[in-house]
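Subject: A structure for you to explore

Hi there,

Here is the structure I promised to pass on to you. Have a look at it first, and then read on for what I found in it.

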Amino acid sequence: MHIIDWAVVATYLVWIVWDGLRRTKGAKEIEGYFLANRSLPWWAVGLSIMATQISAITLVGTTGQGYADGLRFVQFYFGLPLAMVILSVTLVPFFYRARVYTAYEYLERRFDLKTRTLASLLFLLSRGLSCGVIVAAPAVILSIILDWNLPLTILAIGMPTAIYTMFGGVQAVTWTDVKQMAVIVGGLLAAITALLIGLPHGVGIPEALQIAGAAGRLDAVDFRFDMRQTYTFWSGLLGGLFLMLAYFGCDQSQVQRYLTAKSVDEGRHSLLMSAYVKIPLQALVLLTGVLVFVFYLFNQPPMLFKPLHAGTIEQSARAGEYRELETEFGRAFEARRAAATALVEAPDRAGRAAAKGTFTAANAEITRVRSRAAALVRDVTGDDTYRDTAGDTPRPDVNYVFPTFITTKLPIGLVGLMIAAIFAAAMQSIAGELNSLATSTVIDIYRRILRPSETDAHYLIVSKLATGAWGLFACVVAMFAAGLGSLIEVVNRFGSFFYGSLLGVFVLALAFRRANGAGAFVGLLAGIAAVAVFASHPATKGISFLWQNPLGVIVVLMVGSIVSLMTGGRAPVLESSKSEG
Amino acid sequence: MRPDGPPDVSGAEMRRHYVLVLVCEAVVIAVLWAFARIFS
């Protein structure tokens, strides 16, 4: 990386940490530290909500998905706007009027302490581990692409974030999120401009879209009803609806964002901002990936984007075979480039149809050579992840497409801006998670169970220590997770096991007046168990994970209401008198 | 909600927001669908 790019990244890091630390004056008591004294404007909260969702792996993974599979991934978010409307009508006013710090605090007011504690512990365990994964994933990619030291990259991402979150609290998280979103969107627009400038003479935006369409990269909506497919209209709209309801309604990392808003309506508006912007923003990120695909039709890409195994292949007995494949890939690339040029230059409809056929065949040949290369890497290294594909690209390559483009094709200065954007995406989601982990630790566990009678100043110190401790924990987990691909998958799957069930408990609380603590607690455990069986049973494990969420809700509602009725229904206790918070 | 917060918007206005969100989503999905048809 050029020294100017280093300077851009360093400037970004210093700016963000400085901006976060100067928010410490707003964090003099625990309500200011965790909820900004419920004083933030809806637009800042809305940007913070979106920022917490966009991790670095979302930025590089989604562009890679766009490259490999086109716009189909956008369907994953089709349930989001409806979920935001439902939450604005139901849970948001409940949380506001209950004046809670955490979503789980409400569960004690409605049910009992054990249900609140179980929900909180599930959140802490899942989010604590996933926070480590969020640090590890971009660190691994940047360390491989830029040949950086991995532990130092982990610390460069994790420690500045932990420092400003620890001292500045939620104010620091929210206001740095606003700036980090600007860096990300600005970086994406700059990358799109560079991509369009990099296309050959005669290939403008309409021609680029025509080629992308011919390659099937613009097929954004698939109306087939197939529960095994994650990226279809129905999986996104129905399965995705439950996932988004659970994520935005029951996950403290999101709930805490809108609890900082000035009023219940400002909280609602912050959620509706995501409802308006999320799908177009995701489409823009995916379109960036699609344009990277078009760019690499005219500029030769590497045969495989992930460079990790290059040395091993070079020293193996099959190095010659791999070099032959690279020569074959070069020929296939030239044939595809010629076919793409012919497609653009075709004078009429008949000519375009013929050129499209040639282009499709040439693109299929590239896919075939890449598949053989991936199989060779798998045979030599034993890396089984090369067995999977995303669209027509080997799965391990997906996260390396955009970073490869950034570091090899962008001009000096813009490389630094895009690396800063990847840092921004990582840091904004980590900051939100650290802040919410500390909130749940202090409010749901420490203040409620361990030390209920301390002063506000005491809780503030403990909150800062808890934030720092979670930051340290995330970095330690990242060091281990970086070398364990399967662990990352386990962590992600663990979260999906209880998301729907947790949503089920909140639905039970709002919809069934006779539901009690025993019903909620047993229902939650039954829901998690049912989803775990569903996800691992041979007959159902092929079904998209999006459908695990409605299953969890249904099981919790059924078991929870039956157990509640068997144990005498709801105890006649005033809601407002049950919790110390 | 906070007593010192800004006044709440009316229920009818909030409902208009919700309808607008869903209409916008339908339009975006229709545009994405049409996009593929036009350029395929």
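Helices here are DSSP runs of at least four residues, numbered from the N terminus. With that in hand, you can place Asn37(A): this residue is in the loop between H2 and H3 of chain A. Please keep in mind that this is a predicted model.

**Two residues in a loop**

Let us stay in that loop for a moment. Asn37(A) has a positive phi of about 50°, although Asn37(A) is not a glycine. Ala36(A) lies in the loop between helix H2 (30–35) and H3 of chain A, and its phi is near 55°, again a positive value in a residue other than glycine. Are these two buried or partly exposed? Ala36(A) has a relative accessible area of 0%, so it is buried. Asn37(A), with a relative accessible area of 28%, is partly exposed. The cut-off behind this is that buried means under 20% relative accessible area.

**A helix that meets the other chain**

Now please find helix H5 of chain A, residues 80–89, and helix H1 of chain B, residues 11–39. Their axes are 9 Å apart, and the two helices pack at an angle of about 170°. Which word describes H5(A) relative to H1(B), parallel or antiparallel? Angles over 145 degrees count as roughly antiparallel, so H5(A) is roughly antiparallel to H1(B).

On the H5(A) side, the contact is made by Pro81(A), Leu82(A), Val85(A), Ser88(A) and Val89(A). On the H1(B) side, Tyr18(B), Val21(B), Leu22(B) and Glu25(B) take part. Sorted by class, this contact of H5(A) with H1(B) has seven nonpolar residues, one polar and one charged.

H5(A) is also largely enclosed by the rest of the structure, because seven of its ten residues are buried. Those buried residues are Leu80(A), Pro81(A), Ala83(A), Met84(A), Val85(A), Leu87(A) and Ser88(A). What do they pack against? In chain A, their partners are helix H3 (42–53), helix H6 (91–98), helix H11 (233–250) and helix H13 (264–298), and H1 of chain B joins them.

**Aromatic rings**

Over all chains, the structure holds 33 aromatic pairs. One of them is formed by Phe73(A) and Tyr77(A): this pair is edge-to-face, with 5.9 Å centre to centre and 85° between the planes. Phe73(A) is buried at a relative accessible area of 13%, and Tyr77(A) counts as buried at 8% relative accessibility.

Phe498(A) and Tyr499(A) also form an edge-to-face pair, with 5.9 Å centre to centre and 90° between the planes. Here Phe498(A) is buried, with a relative accessible area of 3%, and Tyr499(A) is buried as well, at 11%.

Rings can also be linked into a group. Ring pairs join Tyr67(A), Phe293(A), Phe295(A), Tyr296(A), Phe305(A), Phe402(A) and Phe405(A) into a cluster.

**Charges over rings**

There are two spots of this kind to look up. The charged end of Lys114(A) sits over the ring of Phe521(A), 5.6 Å from the ring centre. Arg447(A) lies over the face of Tyr101(A), at 5.4 Å from the centre of that ring.

**The loop after H13**

Next, follow chain A to the loop between H13 and helix H14 (310–314), where you will find His309(A). His309(A) counts as buried, at 13% relative accessibility. Not counting residues up to four places away in sequence, His309(A) touches Val377(A), Thr381(A), Asp383(A) and Tyr386(A).

Pro302(A) is in the loop between H13 and H14 of chain A too, and at 28% relative accessibility this proline counts as partly exposed. Leaving aside neighbours within four places in sequence, Pro302(A) is in contact with Phe329(A), Arg370(A) and Thr404(A). How far apart in space are Pro302(A) and Glu326(A)? They are 8.7 Å apart, C-alpha to C-alpha, and 24 residues apart in sequence.

For another distance, try Val277(A), which lies in helix H13 of chain A and is partly exposed, with a relative accessible area of 32%. Val277(A) and Val559(A) are 37 Å apart in space, C-alpha to C-alpha, and 282 residues apart in sequence.

Happy exploring, and best wishes!

Terms used. Residues numbered from 1 in each chain as written. Chains lettered and ligands numbered in written order. Predicted model: local features only at pLDDT ≥ 70, side-chain atom pairs only at ≥ 80, totals over all residues. Heavy atoms only, no water. Axes fitted to C-alpha atoms, helices over the stretch in contact; angles between N-to-C directions. Parallel < 35°, antiparallel > 145°, perpendicular 65-115°, else oblique. Contact = heavy atoms within 4.5 Å. Nonpolar A, V, L, I, M, F, W, Y, C, P; charged D, E, K, R; others polar. Buried < 20%, exposed > 50% of the residue type's maximum accessible area, 1.4 Å probe, protein only. Phe/Tyr/Trp six-rings, centres within 6.5 Å; stacked < 30°, edge-to-face > 60°. Lys NZ or Arg CZ within 6 Å of the ring centre and 35° of its normal.
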